[in-house]
Amino acid sequence: FLTDRFLCVEQRRKRRFQQGTIASVYVIGTASCLLLAFLWNKTAVMAGEEHSVALIVLTGVLAIVDCVSTVTFLPFMAQFSPKLIGALYLGEGLCGVFPAVLGLIQTQNTASLNESSPDRKSG
C-alpha cells in the first residue's frame, strides 16, 4: 500500500513537472516570436557596424526552444499510442526539410557575383 501511494505521488509530481516544462517552452517561444515581430529592425552599433541585436538574440532563443521542444514533448507523448509518436517525428522532420527546400529554391547564384568577368575592368 505504501509503495503504491509513493508511486502515485511520484507520477503526479512528474506529470506536474512535465506540464510546467511544456508550458514554459510555449511561453518562452511565444514571447520570443512576439518580441521578434516588434524588435527585429531595431539596431545597435557593435564593432563599429550596425546590427540587430534583438534579431540575433531572439533567433537564438527560438533555436534553443526548438531543440528543447522535442526532448520535452517526448515523455508526454509516451502516454499515447505509438502511432502518434511516429506522427510527432514525421512533423519534426518535415519542419526541418520544408524550410531547407525553400531556402534552396530561393538561393541566388552567388558564384557569378564573386567572379570577375573579362569585360569588367578593375581600377
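Let me start with valine 97, which in this predicted model lies in helix α3, the helix that covers residues 82-106. Valine 97 has a relative accessible area of 46%, and because the partly exposed class runs from 20% to 50%, that is where this residue falls. The side chain does not stand alone at the surface, since Leu90, Leu94, Val97, Phe98, Val101, Leu102 and Ile105 together make a nonpolar surface patch of about 690 Å².

Staying with α3, I would like to turn to the largest pocket, whose volume comes to about 150 Å³. Which residues line the largest pocket? They are Asp66, Ser69, Phe73, Leu88, Gly91, Glu92 and Cys95, and in terms of chemistry this lining divides into three nonpolar, two polar and two charged residues. Helix α2, residues 53-77, and helix α3 each supply at least two residues of that lining, with the largest share, four residues, coming from α3. Helix α3 therefore appears in both parts of the picture so far, as it holds valine 97 of the patch and gives four residues to the pocket lining.

The last item concerns the backbone, at alanine 47, which sits in the loop between β1, residues 44-46, and β2, residues 49-51. Alanine 47 is not a glycine, and yet its phi is positive, at about 55 degrees. Is this alanine buried or exposed? With a relative accessible area of 85%, alanine 47 is exposed, because the cut-off for that class is over 50%.

Technical notes. Residues are numbered from 1 along each chain as its sequence is written. This is a predicted model: local features need pLDDT of at least 70, side-chain atom pairs count only at pLDDT 80 or more; totals for chains, interfaces and linings use all residues. Side-chain values use heavy atoms; hydrogens and water are left out. Patches are made of residues with over 30% relative accessible area and no salt bridge: like charges are joined within 9 Å, nonpolar side chains (Val, Leu, Ile, Met, Phe, Trp, Tyr) within 5 Å. Accessible areas come from the Shrake-Rupley method with a 1.4 Å probe; for residues, only the protein chains shown count as cover. A salt bridge is a side-chain nitrogen of Lys or Arg within 4 Å of a carboxyl oxygen of Asp or Glu. Buried means under 20% relative accessible area, exposed over 50%, partly exposed in between (1.4 Å probe, protein chains only). On a 1 Å grid over the protein atoms alone, a cavity is a set of points where a 1.4 Å probe fits but cannot get out, and a pocket is an open set with protein on both sides within 12 Å along at least five of seven lines; lining residues have an atom within 4 Å of a point. Grid points are joined across faces, edges and corners, and a volume is the space filled by probe spheres set on the points. Ala, Val, Leu, Ile, Met, Phe, Trp, Tyr, Cys and Pro count as nonpolar, Asp, Glu, Lys and Arg as charged, and the others, Gly among them, as polar.
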